[in-house]
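Colleague: I am new to this one. Please show it to me, and let me ask how the labels are earned.

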Amino acid sequence: MKFVDEVSIEIRSGKGGDGAVSFLREKFRPKGGPDGGDGGRGGNVVFVADENLSTLLDFRYNRHYRAPHGQNGMSRQMYGKKGEDKIIRVPVGTVIWDLDADILVADLDHHGAEIIAAQGGQGGRGNMHFATSTNQTPRRAEPGEPFEQRSVKLTLKLMADVGLVGFPNAGKSTFISRVSAAKPKIADYPFTTLTPNLGMVRIDVDRGFVVADIPGLIPGASEGAGLGHRFLRHVERVAVLAFLVCVGPEEDRSPVADYRALVNELELYSEELAKKPRLLFLTKADLPDTKDAEDEVRALAEAEGLPFFVLSSVTGEGLDPARYALMDVVEAERRA
């Protein structure tokens, strides 16, 4: 399934039905009086968060959503039928913005969360409501209230406990494939991961956490460079950030320099994001050069006060201690 995490659509609620102007005419009641019924309410446009959805792909093919109008009132004091609400189901974590007013409409951050994004118009009153002692044959009724139309942007922010951040080919996809059932694409070239991946890490029967593998960041990502800028929003909700660094093939790069570059990009993007708890993982422990860099990275972790782990997703070295450490930090954040 193609991953789509941002889309703009048009929504329109239903117009309220008009009230009726009518007078009762029966064989033995020639002056039965006004009996015009009320118009029905127009349908609302309602967004509902659904945990069974994971992408906004469907909205790429249908950009217009309309609720039905309310029915007009009728004679014999019969009310018009109200318009049914237009229910739009979106993934949990969807943020809704009003493009015209540039305001936040809702942040649907849990299953079942809902918001009326466009209110249906009220139905107009029929002429039976306007009869008085001095005007027993009112010939007026209220029109239904107009519909509401909005241009909205849907933005998906993944719901995860742990966010994996790192340069391209830092080993994030391999790590998530080893600690969870997720099967991301893995290859030996940069930007293998083109969309975020979610994986459920199970520690035991009643303990676990969700980890998100975010496409690789590079310097300038917060301003639009590379792919990371498209997906930085997906780590805004996480409780913990796991920084994955490795010894790269470029001579001008090092795990310490990569870590500092990553932190800088997060700080430029969001100060709140940069304040989240961190762990530092030195990956690819099965490669000879990794051992040479371990002391330098460990010294950095001690200076920053970060939990530090050396791991290899190929051999499995360090994976279990890393999983348990992440679980401990996630549980501490949940209790906070």
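Modeller: The talk below goes through strands first, then rings. Keep in mind that this is a predicted model.

Colleague: What makes β2 and β4 a pair of strands?

Modeller: The bridges do. Two strands pair if there are at least two bridges between them. Strand β2, residues 45-50, is joined to β4 by 6 bridges. So the pair qualifies. The two strands run parallel. One bridge sets Ala49 against its partner Val90 in β4.

Colleague: Why are β4 and β7 called edge strands?

Modeller: The open sheet has 3 strands, in the order β4-β2-β7, with mixed pairing. The edge strands β4 (86-91) and β7 (114-118) each pair on one side only. From one strand to the next, the twist averages 30°.

Colleague: How do you know that β5 and β6 pair?

Modeller: Count the bridges again. Strand β5 (residues 94-98) and strand β6 (residues 103-108) share 5 bridges. The cut-off is at least two, so they pair. The sense is antiparallel. Val95 stands opposite Asp107 in β6. The two strands form a hairpin, with 4 residues between them. Asp102, in the turn, has a positive phi of about 55°.

Colleague: Now the rings. Why is the pair of Phe175 and Phe281 called tilted?

Modeller: The structure holds 4 aromatic pairs. In this one, the centres are 5.8 Å apart and the planes make 45°. Rings pair within 6.5 Å, so the distance fits. Under 30 degrees would be stacked, and over 60 edge-to-face. The angle is neither, so the pair is tilted. Phe175 sits in helix α1 (residues 172-179) and Phe281 in strand β13 (residues 278-282), 106 residues apart.

Colleague: What makes Phe175 and Phe281 buried?

Modeller: Buried means under 20% relative accessible area. Phe175 has 1%, so it counts as buried. Phe281 has 0%, so Phe281 counts as buried too.

Colleague: Why is the pair of Phe281 and Phe309 called edge-to-face?

Modeller: The centres are 5.8 Å apart, and the planes make 75°. That angle is over 60, so the name is edge-to-face. Phe309 lies in strand β14 (residues 308-310), 28 residues from Phe281 in the chain. Both Phe281 and Phe309 are buried. Phe175, Phe281 and Phe309 form one aromatic cluster.

Colleague: How do you know that Arg12 lies over the face of Phe147?

Modeller: Arg12 is at 5.1 Å from the ring centre. The limit is within 6 Å, so the distance passes. The angle to the ring normal must also be within 35 degrees. Arg12 counts as lying over the face of Phe147.

Notes
Residues numbered from 1 in each chain as written. Predicted model: local features only at pLDDT ≥ 70, side-chain atom pairs only at ≥ 80, totals over all residues. Heavy atoms only, no water. Axes fitted to C-alpha atoms, helices over the stretch in contact; angles between N-to-C directions. Phe/Tyr/Trp six-rings, centres within 6.5 Å; stacked < 30°, edge-to-face > 60°. Buried < 20%, exposed > 50% of the residue type's maximum accessible area, 1.4 Å probe, protein only.
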